[in-house]
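Got your viewer open? Let's take a short walk, one selection at a time.

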Amino acid sequence: MTDQNKDQKAQAPKTQRINGVRGMNDLLPADAAQWAHLDHVLRDLTRAYGYEFLRTPIVEATAVFQRGIGEVTDIVEKEMYSFEDRLNGEQLTLRPEGTAALVRSVIENNLLYEGPKRLWYTGPMFRHERPQRGRYRQFHQFGVEALGFAGPDIDAEIILMGQRLWDELGLKGVRLEINSLGQADERAKHRAALVNYFEKNKVQLDEDSERRLLSNPLRILDSKNPEMQTLIEGAPKLLDFLGEESLTHFNAVQALLKANNIPCKINPRLVRGLDYYNLTVFEWVTDELGAQGTIAGGGRYDPLIERMGGKAAPACGWAMGMERVLELMSVSGSLPEAQTQCDIFVLHQGGETLTAAMIIAERLRSAGIDVILFCPPDGQSASFKSQMKKADASGAAFAVIIGPDELAKNEAQIKDLRASGEQKAVPLDGVLEAVINALVGASE
Ligand code: ATP
Ligand code: MG
């Protein structure tokens with residue numbers, strides 16, 4: 001910031017609006033029910049498969065991601081929010097994804113001590129990308145990770161979880177694409193063939209790909225540049241370099257998917273952005289979201305735990321972009337209807353009627369009933385007419401009305417806000433019973 005800018009800032013009126021950070025969104029009340037619904041479905045899903053929840057901090061040492069994701073990846077090269085701790089100079093990063101941090105935690109807490117673990121996580125991730133539909137700087141992921149299992153059964157299991165999730169959410173047209181990255185030695189042979197092929201066609205490479213030719217040629221296959229697609233189509237395929245063991249694993253995963261009626265398409269160009277994958281990799285894609293069509297992806301990452309300093313153990317998992325999934329639910333019309341705010345809305349006229357109304361509201365809440373107590377915006381009072389408008393808008397099924405006349409008779413009125421509009425007087429200490437009866441009656 002220049003000194004002149006600083007001066008202008010200093011002079012800016014204190015009441016000037018301060019906006020949120022670009023690409024980082026508020027979750028507004030109108031959308032809260034959708035997120036809650038998704039959370040709920042995810043919790044049920046993880047329970048159904050015996051996955052346990054693990055939460056890591058949002059900030060980690062930068063090295064966790066440099067080592068865990070790999071230096072030559074979009075995320076580490078250009079997307080991380082990294083900063084130096086002001087007090088001790090530590091290099092820190094807002095987590096851009098969940099796996100590396102989860103593995104850090106599993107190693108640090110010795111969680112694989114008693115054998116393999118099935119885990120899941122959810123939370124905000126941060127990547128410095130160009131914000132657009134389905135691409136934000138703070139976004140949310142849900143992910144599952146199965147650690148310590150080597151066989152193709154677990155690859156198939158986590159994929160089945162994904163398919164069950166799309167079904168539960170009412171999402172149609174989500175396609176599964178799958179590939180095998182084999183093992184390091186197989187990739188090395190493929191890499192040599194790939195470099196050779198791209199070297200021969202160097203004039204056709206774009207700037208990014210030319211850079212990757214030396215650092216991470218596999219990633220060239222991932223390029224979205226339309227001008228490079230023909231070149232990429234003709235490149236040597238990794239699948240042709242796989243040895244028998246890798247092929248057996250890949251075939252077994254496919255056979256298990258087939259036996260469970262999960263269609264999938266082999267996409268030889270699917271390499272995933274992160275460095276740590278081997279064998280099975282997969283993505284779920286849709287045509288409904290434009291350029292941001294990948295809603296989830298993952299695969300096997302057997303080398304990662306050892307690479308992060310733990311005792312070698314195989315692992316696999318996937319992560320899903322929650323904003324993209326909700327957007328897909330929205331375009332496919334499978335979002336749940338917005339929920340009402342409460343069951344009962346309580347009206348009063350201030351003073352002693354407020355005291356009585358508050359006591360009644362608490363009594364109802366103790367019985368598990370959702371209650372909104374009217375509070376006058378001016379702190380004084382409001383007409384029953386304007387209160388009744390608020391009661392209607394709240395979605396409550398019934399209003400409980402305590403005015404001075406009612407209080408004088410030790411009564412309250414209960415008004416049906418939905419079906420009949422009927423209103424009747426009940427004794428104050430019979431309000432709970434009357435409300436329960438009314439709610440049960442209304443739901444029959
Ligand atoms: P993309 O190719 O779209 O950049 P990616 O390969 O970087 O995705 P992963 O690291 O595999 O994504 O993350 C898993 C999922 O998280 C993605 O499939 C996507 O649904 C979601 N995701 C990734 N980056 C963003 C973002 N910036 N904003 C919203 N969702 C995202
Ligand atoms: Mg990305």
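A handy term before we start: a polar contact is a pair of N or O atoms within 3.5 Å; within protein, one must be able to donate a hydrogen and the other to accept it, and residues adjacent in sequence count only if both atoms are side-chain atoms. You're looking at a predicted model, where local features need pLDDT of at least 70, side-chain atom pairs count only at pLDDT 80 or more, and totals for chains, interfaces and linings use all residues. Residues are numbered from 1 along each chain as its sequence is written, chains are lettered from A and ligands numbered from 1 in the order in which they are written, and side-chain values use heavy atoms, leaving out hydrogens and water.

Select ligand 1 and Ile295: a polar backbone atom of Ile295 sits 3.1 Å from an oxygen atom of the ligand. Now add Arg127, which puts a polar side-chain atom 2.8 Å from a ligand 1 oxygen. Glu129 does this with a nitrogen atom of ligand 1, at 2.6 Å from a polar side-chain atom. The protein covers 89% of the 580 Å² of accessible area that ligand 1 has on its own (Shrake-Rupley method, 1.4 Å probe).

Next, show the shell, meaning residues with a heavy atom within 4 Å of the ligand. Which strand supplies the largest share of the shell around ligand 1? Colour strand 10, which gives three residues.

Finally, zoom out and colour domain 1 (29–182 + 242–332) and domain 2 (344–435), with bounds from an automatic or database domain assignment. Their centres, taken over C-alpha atoms, are 49 Å apart.

Definitions and conventions:
Helices (H or I, at least four residues) and strands (E, at least two) are DSSP runs, numbered from the N terminus.
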